[in-house]
Amino acid sequence: MGKLKMIVMMLAASLLLLAACGKEDNDKSSGSAGESGEAGYDLVKKGKFTFAASGVYKPFSFEEDGKLTGFDIEIGNALAEKMDLEPNPVTNPFETILQGLVGKKFDAIIGSMAYTKERAEQADFTEPYYYSGGMIFVAKDNDEVKGPDDLDGKKIGVVAQSTYEAPAKELSDNIQYYSSDVVALKDLTVEGRLDAVITADIVGFEAIDNGFEVKEVGKPMWVEQPSIAVNKENPELTKALDKALQELIDDGTYKEISEKWFGRDLLDIDLEGVELLE
C-alpha cells in the first residue's frame with residue numbers, strides 16, 4: 001500500500017512539473033520582457049508596445065489634461081493596433097532617450113528622432129514616418145539675421161543631442177542648450193536672451209500659429225528623416241514596424257492622422273534635389 005502511495009505521489013509531481021513547463025513555454029511565446037514572441041521580436045512588457053518620446057515637443061508629443069498626446073503618440077498607438085499590441089507610450093528626456101533604448105527601458109523611440117549615420121551606430125531605424133526641414137527662427141522684430149552667415153557670434157538656442165546642435169556649432173560658438181524647442185522659441189521673445197533658434201520648420205510654424213512673436217529666416221537648410229529607432233538586438237521588431245507603417249500609409253490611417261495635426265500629409269514631399277540630413 002505504501003509503495004502504491006509513493007507511485008501516485010511521484011506521478012502527481014511529474015504532472016505538476018509538466019504543467020509548469022507548459023506555462024513557461026506559453027509565457028515565452030507571448031513576448032514577455034526579454035523573451036521572443038510568436039512574431040520573433042522582444043517586448044519589454046508582455047502584450048504591450050512601449051515607445052518613448054520626450055513629451056515636450058508640441059505638436060508631436062506633449063501632455064494635455066494629464067494625458068500624453070500628439071502626432072508621434074497617435075502614430076505609435078496606430079502601429080501598436082496594427083501589431084495587435086496594447087500601446088504604452090512613455091516619456092524620456094531627449095538628451096538620454098537613445099541610452100534608454102539601448103538599456104531596454106522601452107521597445108522603440110517614436111519621438112521625432114531623425115535618422116543619422118551616427119545614431120545608426122547605436123540603434124536600428126525604420127523607414128521615415130515623416131520629413132521636416134531644419135530652419136532658423138528669430139524674434140519677429142529681429143531684422144539683423146537674414147541668413148545663416150549672420151549668426152556668427154550670435155547666441156543660438158538648440159535642444160541638446162538634437163540634429164540641430166552640430167549645425168548651430170558651425171555657425172556660432174555661443175550655444176544655449178534646452179530640453180524643449182518650444183521653450184527655446186519662447187525665449188526668443190524675451191529681450192537679450194537669445195538671437196536665434198534652430199529647430200524643425202513644423203515646430204516653429206506651430207509656435208507662430210500659437211501666437212509666438214517669432215519668424216522664420218529663409219528656407220530650410222536641409223531636410224531630415226524622422227524614423228522609429230529600435231534596439232539593434234531586436235531586428236524583427238524593426239521589420240514588424242516597417243510593415244505596420246506601410247499598412248497605415250496604404251489604408252489611409254497615416255494621412256488621416258497627419259492631416260488632423262498639420263492639415264497635410266507629412267510624407268507627401270518632393271525630395272528631388274533636396275539635401276537629406278544624414
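pLDDT is the predictor's confidence in each residue, on a scale from 0 to 100.

**View 1. The whole protein, a predicted model.** Averaged over the protein, pLDDT comes out at 88, and 86% of the residues score at least 70. There are eight helices and 13 strands to find your way around. Of the 278 residues, 46% are buried. The accessible surface is about 14,600 Å², with 50% of that belonging to carbon and sulfur atoms. Take the contacts with a separation of 6 or more, and 67% of them are between residues 24 or more positions apart.

**View 2. A stretch to take with a pinch of salt, residues 15–36.** Here pLDDT stays under 50, and the model has 30 contacts beyond four places in sequence for these residues. Where pLDDT is low, the predicted coordinates shouldn't be read in detail.

**View 3. Glycine 40 in its loop.** This loop sits between helix 1 (2–29) and strand 1 (48–53). Is glycine 40 buried or exposed? Neither label fits, because its relative accessible area is 34% and partly exposed covers what lies between under 20% (buried) and over 50% (exposed). Glycine 40 is 195 residues away from proline 235 in sequence, yet the C-alpha to C-alpha distance is 9.0 Å.

**View 4. Strand 1 and its parallel partners.** Five of the six residues of strand 1 are buried, so the rest of the structure largely encloses it. Strand 5 (residues 86–91) pairs with strand 1 in the parallel sense over six bridges, and phenylalanine 49 stands opposite proline 87 of strand 5. Strand 6 (residues 108–109) also runs parallel to strand 1, joined to it by two bridges. For that pairing, look for phenylalanine 51 opposite alanine 108 in strand 6.

**View 5. An open sheet of five strands.** The strand order is 10-9-11-8-12, and the pairing is mixed. Strand 10 (174–178) and strand 12 (214–224) are the edges, each pairing on one side only. Ignoring direction, neighbouring strands of this sheet are turned by 25° against each other on average.

**View 6. Strand 8, strand 12 and the helix packed on the sheet.** Strand 8 (residues 132–139) pairs with strand 12 in the antiparallel sense, over seven bridges. Glycine 134 stands opposite tryptophan 222 in strand 12. Helix 6 (residues 201–209) packs on the sheet and touches strand 8, strand 11 (196–200) and strand 12. The direction of helix 6 makes about 40° with that of strand 8.

Conventions: Residues are numbered from 1 along each chain as its sequence is written. This is a predicted model: local features need pLDDT of at least 70, side-chain atom pairs count only at pLDDT 80 or more; totals for chains, interfaces and linings use all residues. Side-chain values use heavy atoms; hydrogens and water are left out. Two strands pair if DSSP finds at least two bridges between them. Helices (H or I, at least four residues) and strands (E, at least two) are DSSP runs, numbered from the N terminus. Axes are lines fitted to C-alpha atoms, for helices over the stretch in contact, and angles run from 0 to 180 degrees between N-to-C directions. Contact means heavy atoms within 4.5 Å. Buried means under 20% relative accessible area, exposed over 50%, partly exposed in between (1.4 Å probe, protein chains only). Accessible areas come from the Shrake-Rupley method with a 1.4 Å probe; for residues, only the protein chains shown count as cover.
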